[in-house]
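Okay everyone, have a look at the model on the screen. I'll talk you through how a couple of its parts sit together.

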Amino acid sequence: MANVRQEKKYLIVISGPTAVGKTSLTFKLSKHFECPVISADSRQVYKEMNIGTAKPSAQEISASMMKLVDHISIQDEYNAGIFEKEADAIIRNIFEDNQFCILSGGTGLYIKAVCEGLNTFPDVPKHIIAELTADLNKYGIQTLRDELKEKDPSYHEIVDTNNPHRLIRALSIYRHTGKAFSSFLNGNKKKHEYKIIKIVLERDREELYDIINQRVLDMIDEGLTKEVRALYPHRSLKALQTVGYKELFQHFDGILSLEEAINEIQKNTRRYAKRQLTWLRKYNDGRRFHPENHDEIISFIQNNIEA
RNA sequence: GGGGGUGCGCCGGAGUUGGAGAGCCGGGCUAGACUGUAAAUCUAGUGUGUAAUGCUGAAUAGGUUCGAUUCCUAUCACCCCCA
């Protein structure tokens, strides 16, 4: 038997809109290729969130050796940069003993971070973000635009200056380092030791929306309301600005009836799926499949493996 | 059967009552942006289309008028009251 360390390594990337069928395909492939899975999902990382994130069961997680689920708390700081570092380390580790690794999830930016890499930025202390947020609330967005225009004109040119998150991000880097956000950007793509095989799952829009609507009802049946109620005290945390949670918080506040909250969750999930589709269309470098075409997907992967 | 009222965008609302409006607000939907909040955040479009200072348009068909969403007649639909 050949030394596994010298074999070519393959990262199988699976993405697609929410509820399209990523998880069941992922488990199938994990069994077939006998390899671990890394989740690329910005909400399934939190151990306190389960039903509302459509997280796989504990058995499924352990059977597929799924990583980067359930490993942090909603209280913890987390972002795409941290995800990239964690995922890179785990991938390296997995390829010590495996020829394959699966990266599967619906958070496009996280997948992009692993496949293409994010530029390296210094960590910004929390108080700087808080000050910028306070400035935004106190003086309005124009003040942030003006500051960015002065400190980082080239980024001001291209950034969406109506988007407070983008402005705060760029200015936080400037205020922390004294250097322009744009000076950290270089389009250099990551180089990998391994080969990436990308699969994008698609369904008819109408069918996807039907599945989403039903899945929300199933989540309610499984006890989503109880799960969310327990998290109510933490409702202002970033992690809980999440479809399925924010609407139920409004229900508990008496703003929405339960029925209205459910309708909102369904609607917001459909919109989320739509945004994912927009993202995936832009990065159209993956082969498209219907999620139930397991055999076709497996042979596609096998055909991409160098003999 | 008789009387009264209301009809415009995908939906809801406001407003115009002889000098236009493919107009306002909200929603929905569609499309897009997005390198550390990404299930977040933000933008645009939404009668038609040869894409434009174009065409059609205020239930439908006529009429009056220089000019009609507005006034008149008929028809249709819905609502209310009376039988």
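**Two helices and an RNA strand**

So, α5 and α8 are oblique to each other, oblique being what is left once under 35 degrees counts as roughly parallel, over 145 as roughly antiparallel and 65 to 115 as roughly perpendicular. Quick housekeeping: this is a predicted model, where local features need pLDDT of at least 70, side-chain atom pairs count only at pLDDT 80 or more, and totals for chains, interfaces and linings use all residues. Residues are numbered from 1 along each chain as its sequence is written, with chains lettered from A and ligands numbered from 1 in the order in which they are written.

Back to our pair: the axes of α5 (residues 126-139) and α8 (residues 164-177) cross at roughly 130 degrees and come within 9 Å. From α5, the contact (C-beta atoms, placed from the backbone, within 7 Å) uses Ile128, Ile129, Leu132, Thr133 and Leu136, and α8 brings Pro164, Ile168, Leu171, Ser172, Arg175 and His176.

Now, which residues come nearest to RNA strand B? Of the 44 around the strand, they are Ser42, Thr53, Gly81, Leu109 and Thr242. Near here means a C-beta atom, placed from the backbone, within 6 Å. α8 turns up again, as one of the elements giving two or more residues to that surface, along with α3 (80-97), α4 (108-115) and α12 (258-282). The most comes from α12, with 11 residues.

Last stop, α4: its buried residues pack against β1 (10-15), α3, β3 (100-104) and β4 (195-201). Buried means 20 or more other C-beta atoms within 10 Å of a residue's own, again placed from the backbone. After α4 comes Gly117, with a positive phi near 90 degrees.

How values were computed:
Axes fitted to C-alpha atoms, helices over the stretch in contact; angles between N-to-C directions. Helix = DSSP H or I, 4+ residues; strand = E, 2+ residues; numbered from the N terminus. Contact = placed C-beta atoms within 7 Å.
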